[in-house]
Structures are given as structure tokens and as C-alpha cells.
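Colleague: I should like to learn how salt bridges are read from a model. May we work through some cases together?

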Amino acid sequence: MAYWMRKLATILFLLVVFINQAFSQPKQTIRGKVVDQESQMPLVATNVMILEAGPITGMITDESGLFEILDVPVGRYNILISRVGYQSFIIREVEVGVAREVFLDVGLKELITRMEGVTVAANVSKDETINPMAGISARSFTVDETERYAGSWGDPARMASNYAGVFPNGDLYNYLVIRGNSPDGLIWRMEGIPIPNPNHFSIPGATGGPVSMVNNKLLAQSDFLTSAFPAEYSNGVSGVFDLRLRNGNNKKQEYVAEVGLMGLVLGAEGPISKKSGASYMVNLRVSLLGLVDELLWVGALPHYKDLSFKTNFPYKKGRISIFGFGGNSQITGIEDDSASSTPMNKIQVTDESGAGTAVVGLKNVHFLGNKSRIISDIAYSATQSSQGHDSLINGVITRTFFSNHFKEDRFLISSKLLTKLNAKNSINAGLSLENNFVEYRFHDESIIYPGSQGDSLVMLPPKVLKDNNMAVLRTHIEWKHRFTNTLTLYAGLNYLHFFMNNTWSLEPRTNLRWRFTEKQTLSMGYGLHSQMHPFFHYLTQTYLTDDLWDRENYIETNHDLGFTKSHHFALGYDLSISRNLRLKAEVYNQQLNDVPVEQRSSHFSLINFGAGSEEVIVDSLVNGGYGRNYGLEFTLEKFLSDGYYFLFTSSLLDSKYKGSDGILRNTAFNSDVNINALIGYELPVKDHGFINFNLRFVTSGGRRIIPHDEEKTLLEDDDVYLYDQAYESRMARYMRLDGNVRYKYNGRKMRHEIGMDVTNITNRQNEWQYYYNSNSNQIETAYQQGIFFFIYYRINF
């Protein structure tokens with residue numbers, strides 16, 4: 001009997017231990033590195049403290065600036081980083097979950113004068129960008145925000161459409177209209193180098209697409225800038241996305257798997273060598289949207305896949321990293337031509353488009369001492385896209401109406417020197433040289449020959465725009481001077497040179513930032529910004545004969561086209577109402593000059609390129625156009641705390657331009673008023689997880705259009721427009737309500753997450769364009785995306 005009692009006691013003891021382990025709160029490790037913001041040298045003996053009450057208080061960094069806090073219960077924490085002689089910094093609402101260690105990269109700002117006995121308030125402002133040279137119209141963003149904000153889909157560009165001054169330009173694509181500028185003026189950078197459009201289904205000259213190609217889970221905290229940006233940013237007049245990739249975990253293997261309507265995702269990261277600290281990170285995604293096309297915004301079958309990666313190899317005086325991303329996409333739409341079909345022959349028409357992009361870069365960061373470092377890069381990128389329209393009989397292509405193919409490759413080398421002279425002064429000087437290899441093949445012109453057995457369509461020879469020597473030089477120098485701990489001057493010069501036609505531009509940039517009280521900051525900035533144009537504009541051919549078959553005798557009438565130039569003026573005010581609540585206002589004025597317009601008198605201007613209203617290639621352009629944007633922006637933001645957050649933004653904009661006819665008109669992007677409202681709540685579920693609820697409402701002025709000449713349209717059975725009334729008319733006001741809900745559960749060794757995003761909850765029919773329907777003989781309305789939702793399940797282990 002005693003034997004069985006001992007057995008029963010042992011079983012009960014093990015059962016109690018198992019239940020306690022199963023239901024005890026899971027724990028995780030917080031690691032990180034603290035460096036000087038300017039020199040990037042590690043800071044030893046820095047205090048790292050979790051502010052929330054509990055048995056864990058914090059840690060002190062070692063000689064490499066590293067820290068590690070073990071056994072942190074899952075949840076959200078505010079972490080204070082402080083060191084004598086430096087501005088303290090709070091990292092807010094750090095999410096700690098099982099299966100993925102938290103690694104924090106922190107840069108502290110050195111104080112100019114040490115204030116004995118005075119407590120320096122910790123900085124928690126979103127205006128503290130990763131780039132220390134950004135002084136106005138800039139903010140950083142996190143991976144968490146790209147998923148938290150309703151309607152963002154994990155896409156940084158869609159997330160940024162919630163910020164003040166950023167206007168939506170349609171539901172299908174993530175194009176950004178920033179302060180009235182064309183979306184084609186946006187600069188994309190990754191790891192400090194310019195990259196091509198990082199979106200699927202892209203086309204030449206565009207900066208957006210329906211789906212981002214870069215997986216947001218690989219991103220570190222990154223920057224978004226909208227005006228008067230620092231001198232190191234070149235060839236853009238609209239804004240900057242400066243993306244940074246994090247390093248993979250260099251101590252343990254971690255994996256992620258996700259399945260949902262947007263795709264199947266597999267990811268892994270871990271140490272290559274624990275001794276050296278080398279690590280890798282890779283993420284693969286394959287779309288599943290083609291399986292559920294009836295839920296989509298188009299009656300077609302979209303397919304895409306992409307891969308993103310980064311490897312990091314530290315060495316004694318620096319580190320080498322290899323990074324990149326790539327993907328391809330294709331969409332095919334097939335429609336039945338019931339009017340032409342017979343019982344024996346089924347007639348169909350098909351539209352097909354595809355795109356592919358690949359980027360790979362090699363970066364070396366080498367420290368010359370405690371004050372200076374050299375960053376050198378080599379990068380190669382390749383993009384291609386195609387478009388086709390065919391006629392089918394019983395599934396077999398019998399006639400091709402057009403087949404266009406485009407290719408753009410780039411090879412780039414760059415190097416820059418960053419030096420912290422002292423606590424007051426820092427310098428950044430750099431140079432990059434790139435060569436572009438481009439080819440645009442337009443096979444879209446034909447002749448119809450009538451015949452007794454029916455008409456015959458004969459394709460004319462393709463137009464080929466090609467050049468393998470489109471070199472670009474970019475240089476810059478920046479100086480940051482801190483007069484006091486609260487007053488900072490940023491100044492710099494950028495030089496841009498396009499060797500094909502020897503066009504160049506020298507551009508001064510300057511910002512001044514003054515925190516005149518503990519809670520109030522005043523900023524002002526100016527910058528001259530220039531932009532080259534999509535390469536196909538320079539290579540546009542004007543033929544010298546009337547022979548439609550002659551593709552040899554031509555001149556490139558846009559060959560000597562100069563840059564578009566924009567003067568940015570901005571003034572900002574920031575009020576920290578409390579630690580978690582701030583009010584921000586900015587007023588700006590942008591004057592655009594040398595905008596390409598036609599030689600003949602017309603409304604046309606490349607300032608409207610990217611609006612979707614008249615995407616044509618025009619010859620005989622000159623730099624004679626003008627534009628101006630001015631507006632006022634307000635932001636009221638409560639950062640996530642006490643389980644909830646909100647972000648309210650409003651933007652007032654007036655955007656005008658002049659074509660070669662000299663008439664002042666609205667630009668295609670003059671939306672007048674834009675309002676965004678986001679709100680979210682996080683509900684804890686015991687000690688193991690939480691549920692997120694997020695809503696977003698956006699409203700903006702309706703799209704501006706070129707109206708139809710209704711009488712001539714019906715008479716000619718084709719779209720005919722009143723160009724002298726360009727962009728006077730507009731469609732109905734744009735409005736949309738989005739939402740998402742997410743549940744995250746932390747098990748003992750795995751983290752589970754299930755979520756649903758719903759876009760356009762009310763299924764509002766926002767107008768996109770008017771077009772002539774030859775079947776109904778009416779001008780009809782095309783609408784934007786209706787209600788759309790996707791569900792996903794993700795597991796980290």
C-alpha cells in the first residue's frame with residue numbers, strides 16, 4: 001500500500017509541476033546594443049532599465065555596448081536607456097513574446113554641457129529619426145506600426161498614407177502623393193543605397209504597386225521624410241523612404257511560418273558563427289491570391305513570389321553585410337467576346353502583364369577610430385516588365401495587338417565618410433557613381449488591311465529605345481552643429497550629374513531645430529531638390545519620314561532635357577502635451593521650376609505624371625513648366641500606452657501648375673483637404689497574449705480629371721477629352737473605413753497569431769475614372785476597390 005501511495009504522490013507531484021509550467025507566464029530575453037548616435041561607437045556602462053514594476057530592473061552594457069536581460073515575462077514594456085553625459089532615451093511599448101528574442105539597437109545623443117544635479121528628460125519623440133541629419137518633416141516608423149494600422153497590410157507605403165501631408169492615390173496601388181507632388185518623385189533607399197521600385201506589378205518610372213516586395217518582418221526602425229530632406233538624399237522632389245534591415249539573431253535559430261489569402265510565408269534566421277557573431281536572415285513568400293480571385297478587385301489571376309535576405313559578418317573594426325530582395329509577378333485577364341463568338345469558335349481577348357525585380361548589395365562599415373567610419377557599397381539591380389494584349393480563338397492566340405517589354409539594370413558603387421568631430425560637430429561626406437542599362441521595346445502599332453475575306457492586322461516593327469551608358473554621379477557633404485543641447489543647425493550640399501546630356505545641379509539644404517522649452521520645439525528648413533526623369537523620356541524618338549515601317553531615321557528630341565527642380569520651405573511646431581501625447585503642425589511652400597512641358601502650347605506637364613489620367617510618352621519636351629504646392633498640416637498623436645493609441649491628421653493643400661500654354665491650373669493631385677483618423681485598443685488575455693482592435697477612417701477630395709467631350713466621344717466612338725478644361729472637374733469625395741483584429745497567444749515555445757484585415761468595410765464605391773464604353777455607347781464610371789478582406793495565421797518558433 002505504501003508503495004502505491006508513493007507512486008501516486010510522485011504522479012501528483014509531476015502533474016502539479018506540468019500544470020504550473022503549462023499555465024505559468026512565458027518568458028523571453030531582451031538583448032541589444034547601445035552606441036553613440038553620431039560616431040556609432042559602443043557605449044560602455046550604459047543603464048538599461050525596464051520601467052514597469054517587477055523583479056527585473058535592468059542591466060548595464062559591457063565594453064561592446066551590449067546588454068542582455070533574461071527571463072522577461074511576455075508583455076509590453078517601456079525601456080529607459082541612460083548614461084552620464086548623454087540624453088536619456090525611452091523605447092516605448094516594446095513587445096516581448098516567446099519564440100523570438102527582442103534585440104534593440106539604440107543610439108544616444110551626447111550632451112554638449114553636462115548638467116550636474118539636473119535630470120535630463122528622456123526623449124520619446126517620433127521626430128527622432130534614425131538619420132541624425134534630419135531636422136524637419138521627418139519621422140521614424142517601426143515594423144509594429146506597419147501591421148497595427150488598419151489598411152496597411154504590413155506595407156510601409158500604405159502605412160505612410162496615414163501621415164499628415166500624404167494623400168491616397170487610389171486603392172489598388174500604394175502610390176503616395178506627398179504634399180501635392182507626383183508619386184514618381186519618391187526616393188526609395190535600402191541600407192543607405194538607392195533601390196528601384198520595391199513593389200510587385202511595377203512599371204517603368206513608377207514608385208509603387210499593389211503589393212510590397214520587401215517583407216516588413218526584416219525591417220528595423222526606418223525613416224520617412226516629406227520635405228527639405230538632408231543633402232545625402234538625391235534625385236527626388238517628393239519624399240524619401242529610407243529602409244533599414246535588421247540583423248538576424250546571432251545566438252539562436254528562429255523560424256516563422258504564415259499562411260493566408262495574401263500568401264504563404266516561410267522565414268528563418270540565426271547564427272552563422274556564434275563565435276564571430278555572424279548571422280543570416282531570409283524570408284520567402286508565395287502568393288495565394290490567384291486561388292481566390294473572386295474576392296479581388298480585378299477579374300484576373302494575380303501571382304507573385306518574392307525573397308528577402310541579409311547576412312551580417314562582424315570583424316574587429318567593422319562589419320560586412322550582404323543583403324537583397326527579389327521577386328516576380330504576373331497577372332492575366334481573359335474576357336469573352338460574346339458578340340464575335342460562334343457555336344464553333346469561342347472568341348476571347350486577353351490582357352497580360354508581368355514584372356520582376358532583383359537587388360543585391362554588399363556593404364562594408366569600417367571604423368577608423370573612435371570618431372570616424374567609412375561606409376562603402378557595391379550594388380546591382382535589375383528590373384523588367386511586360387505588357388501584352390491578344391485575341392484568342394478556342395484558347396489559341398490568333399492576333400497580337402501589342403506586346404511591350406522593358407528592362408532597366410543598374411550597377412552602383414558608393415562610399416561615404418562620417419566623422420564626429422566633437423559633441424557639437426559632425427560631418428558626413430559621400431560619393432556614388434552608377435551606370436544604368438536600359439531597353440524599352442514598344443511593339444504596339446499596327447496597320448489594318450481590308451480584304452474580301454475579312455480585315456487583316458499587320459504589326460509594324462517595334463520601337464526600341466536603348467542606351468547602355470546612362471551614368472549618374474551623386475556627391476554630398478553635410479554638417480551638423482549643435483549650438484546648445486536644444487539648438488541644432490543642419491547644413492549641406494548635394495551635387496547631381498547626369499552624364500548622358502551633362503545636366504547637373506548643385507543643391508543647398510539647411511534645417512534649424514530649436515527646443516525652446518522641455519515640451520515645445522520649433523523647426524524650419526529649406527532645400528533645393530532636383531530630379532531626373534524616367535529614362536524612356538530622354539530616349540523618345542521623333543521619326544523623320546512618313547514611312548510607318550522606317551525605324552532607323554529619327555532624332556531624340558528629349559535628349560537634352562534638364563532636371564525638374566523644387567525649392568522646399570517648411571516651418572514646424574511640436575508640442576509634447578504629455579509623455580504619450582503630442583500635437584504637431586507644419587506649414588510648407590514648394591516652388592517647382594524647369595518642369596518638362598511641350599514646345600507647342602498645351603496643358604501637358606510631367607508634373608502630373610503618375611496620376612493615371614494621361615500616361616503617355618511625349619516628344620519635343622522643354623524645361624519650361626512651373627508648379628507650386630503650399631499647405632498646412634496638423635497631427636494629434638497618442639502613442640500606444642495604457643492599452644490604446646490614436647492618430648488624427650488633417651492636411652490642407654493647394655497644388656497648381658502651368659503648362660506651355662501659361663494657364664494656371666490645378667494639378668492632378670490637388671486634393672484640397674485630407675483627413676485621417678486611426679484608433680486602436682489592445683486587450684490583454686491573461687498573461688499569455690492579447691487581442692488588437694484597430695480602425696481607420698480616411699477622406700480626401702475626389703480625383704481630378706480631364707473631362708470628356710461628350711458629343712465628339714459619341715460621334716467618334718472613342719474617348720475624346722476637353723484638354724482646355726484639364727483638372728477643373730473632380731469626382732465625388734473619397735471616403736473609406738478599414739479595420740483589423742489580431743489575436744496573439746504565447747505558448748511555452750511557440751507564438752501563435754491569427755488576424756483578419758478588412759478594407760473598405762462599408763463597400764463604398766469610390767470613383768476612379770470615366771471611360772467610354774463602345775458596347776453601350778455611354779460614358780461610364782470605373783470604381784475603385786470594394787470591400788476586401790484577408791485572413792492569416794502565423795506561428796513563430
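Modeller: The following turns discuss salt bridges in this predicted model.

Colleague: How many salt bridges does a search of the whole structure find?

Modeller: The general idea is to look for a side-chain nitrogen of Lys or Arg within 4 Å of a carboxyl oxygen of Asp or Glu. Across the whole structure, the search yields 47 salt bridges.

Colleague: Which parts does the salt bridge between Glu101 and Arg31 tie together?

Modeller: The side chains of Glu101 and Arg31 meet with an N to O distance of 3.0 Å. Glu101 belongs to the loop between β6 (89–96) and β7 (102–108), while Arg31 is in strand β1 (residues 27–36), so this pair joins parts 70 residues apart in sequence. Both Glu101 and Arg31 are buried.

Colleague: How far apart in helix α2 are Asp144 and Arg148?

Modeller: They are four residues apart in helix α2 (residues 143–148), which means a separation of about one helical turn. In their salt bridge, the closest N and O atoms are 2.2 Å apart. Asp144 is partly exposed at 22% relative accessible area, whereas Arg148, at 13%, counts as buried. Asp144 and Arg148 also belong to a network of salt bridges, whose members include Glu682 and Lys744.

Colleague: Are Asp171 and Arg736 buried or exposed?

Modeller: Burial requires under 20% relative accessible area. Asp171 is buried at 2%, and Arg736 is buried at 7%. Their side chains form a salt bridge of 2.8 Å, N to O. Asp171 lies in the loop between β9 (166–168) and β10 (176–178) and Arg736 in strand β41 (residues 734–746), so the bridge ties together parts 565 residues apart in sequence.

Technical notes:
Residues numbered from 1 in each chain as written. Predicted model: local features only at pLDDT ≥ 70, side-chain atom pairs only at ≥ 80, totals over all residues. Heavy atoms only, no water. Helix = DSSP H or I, 4+ residues; strand = E, 2+ residues; numbered from the N terminus. Buried < 20%, exposed > 50% of the residue type's maximum accessible area, 1.4 Å probe, protein only.
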